[in-house]
Amino acid sequence: MLKLENLTVLRGECPVVDSVSARVGPGEVIGLIGPNGAGKTSLLRGAMGLLSHRGDSSLSALDPMARARAAAWLPQAREIAWGLSVADLVALGRLPHGRDQATRGAAAVEEALRRMGLDNYRDRAATQLSGGEQARVLIARALAQESPLILADEPIAGLDPAAQIATMQVFTAHAQAGGAVVTSLHDLGLAARHCTRLWVMDRGRLVANGAPGEVLTEALLAEVFHIRAHFKNTPEGPVFQPLSTLGV
Ligand SMILES: Nc1ncnc2c1ncn2[C@@H]1O[C@H](COP(=O)(O)OP(=O)(O)OP(=O)(O)O)[C@@H](O)[C@H]1O
């Protein structure tokens with residue numbers, strides 16, 4: 001669903017993502033983790049073809065409409081400027097499908113509103129919602145797009161705990177229905193619990209790529225995140241708790 005080959009992303013003249021190669025297949029929820037400035041946003045934007053890059057991303061070669069049908073992009077900046085109703089804003093996710101899918105489109109919008117718990121918000125002006133509510137509307141817009149792949153940049157930042165878990169569960173459901181998600185996030189506990197695989201970025205490089213239990217080692221947490229943490233596999237899934245910072 002996504003293939004990155006030696007993807008190097010430039011900000012101006014400066015490479016901020018260094019020769020990343022990775023693949024995403026159906027059924028995967030990839031958690032893209034790493035410290036501030038590690039290159040997570042740049043990797044996602046480069047993969048979408050939104051930043052100048054060297055190397056290849058299977059998405060960047062597509063024309064914009066085909067790319068939007070292949071992948072929904074949820075950027076980190078989530079200010080809503082248009083005073084549309086929530087339902088109309090979520091319906092914008094259908095644009096890549098043109099007019100010929102009007103019936104399917106209405107159903108997809110309803111499903112997206114339901115999944116993000118927005119049924120009772122449909123007629124509200126999106127600009128008059130709280131920050132977390134607006135974030136849920138934008139996730140719903142991405143779901144309504146019905147693209148097999150979702151690339152999301154910190155989609156759960158600013159959501160309350162229930163909405164964070166619900167969103168990760170929505171991503172899991174999307175993957176289990178044959179899609180895939182790549183989402184950056186800073187909550188390593190949610191990453192460990194809800195992601196099938198983690199990509200760890202550090203100073204522009206992909207330094208680990210594997211199952212949460214394999215990746216979140218004491219050594220990696222110290223080296224990349226400069227923290228000490230408690231990690232335990234429980235019957236309810238992995239539990240991860242950062243404990244203290246380490247000197248850098
Ligand atoms: N517009 C820009 N121009 C130049 N350099 C930039 C620009 N935006 C980001 N950078 C630099 O690129 C590097 C990677 O930034 P990026 O936003 O991809 O990191 P990130 O891992 O998403 O960080 P965060 O967790 O803070 O969101 C950083 O060193 C940052 O300073």
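**View 1. Helix α1 is the main contributor to the ligand shell in this predicted model.** The helix supplies three residues to the shell around the ligand, the most of any contributor. The shell holds 13 residues, and Gly-37, Gly-39, Lys-40, Thr-41 and Ser-42 come nearest to the ligand. Helix α1 covers residues 40–47. By class, three shell residues are nonpolar, seven are polar and three are charged.

**View 2. Polar atoms of Arg-11, Gly-37 and His-186 approach the ligand.** Gly-37 uses its backbone: a polar atom there is 2.8 Å from a ligand oxygen. His-186 uses its side chain, where an N or O atom is 2.9 Å from an oxygen atom of the ligand. Arg-11 also uses its side chain, but the ligand atom is a nitrogen, and the distance is 3.5 Å. On its own the ligand exposes 640 Å², of which the protein buries 58%.

**View 3. A three-stranded open sheet runs in the order β2-β1-β4.** The pairing is antiparallel. Strands β2 (14–24) and β4 (53–57) are the edges, and each pairs on one side only. Neighbouring strands are turned by 10° against each other on average, with direction ignored. Helix α1 packs on this sheet and touches β1, β2 and β4. The direction of α1 makes about 120° with that of β1.

**View 4. Strand β1 pairs with β2 and with β4.** Strand β1 spans residues 2–11. Seven bridges link β1 to β2 in the antiparallel sense. Four bridges link β1 to β4, again antiparallel. Val-9 shows both pairings: Val-17 stands opposite in β2, and His-53 is the bridge partner in β4. Strands β1 and β2 also form a hairpin, with two residues between them. Gly-12 sits in the turn and has a positive phi of about 65°.

**View 5. A second open sheet has six strands in the order β5-β6-β7-β3-β8-β9.** Its pairing is mixed. Strands β5 (71–74) and β9 (205–210) form the edges, each pairing on one side only. The twist averages 15° from one strand to the next.

**View 6. Strands β3 and β7 run parallel within the six-stranded sheet.** Strand β3 covers residues 29–33, and strand β7 covers residues 180–184. Four bridges join the two strands. Gly-31 stands opposite Thr-183 in β7. In general, strands of a sheet pair through backbone hydrogen bonds, either parallel or antiparallel.

**View 7. Helices α1 and α9 lie across strands of the six-stranded sheet.** Helix α1 lies across β3, β5, β6 (149–153), β7 and β8 (197–202). Helix α1 runs at about 145° to β6. Helix α9, residues 218–225, lies across β3, β8 and β9. Helix α9 runs at about 35° to β8. Strands β3 and β8 are met by both helices. Helix α1 also touches the three-stranded sheet of View 3, and this helix gives the ligand shell three residues.

Note on methods: Residues numbered from 1 in each chain as written. Predicted model: local features only at pLDDT ≥ 70, side-chain atom pairs only at ≥ 80, totals over all residues. Heavy atoms only, no water. Pairing = 2+ DSSP bridges. Axes fitted to C-alpha atoms, helices over the stretch in contact; angles between N-to-C directions. Contact = heavy atoms within 4.5 Å. Near = heavy atom within 4 Å. Polar contact = N/O pair within 3.5 Å; in protein donor to acceptor, adjacent residues only side chain to side chain. Areas by Shrake-Rupley, 256 points an atom, 1.4 Å probe, with all protein chains shown as cover. Nonpolar A, V, L, I, M, F, W, Y, C, P; charged D, E, K, R; others polar.
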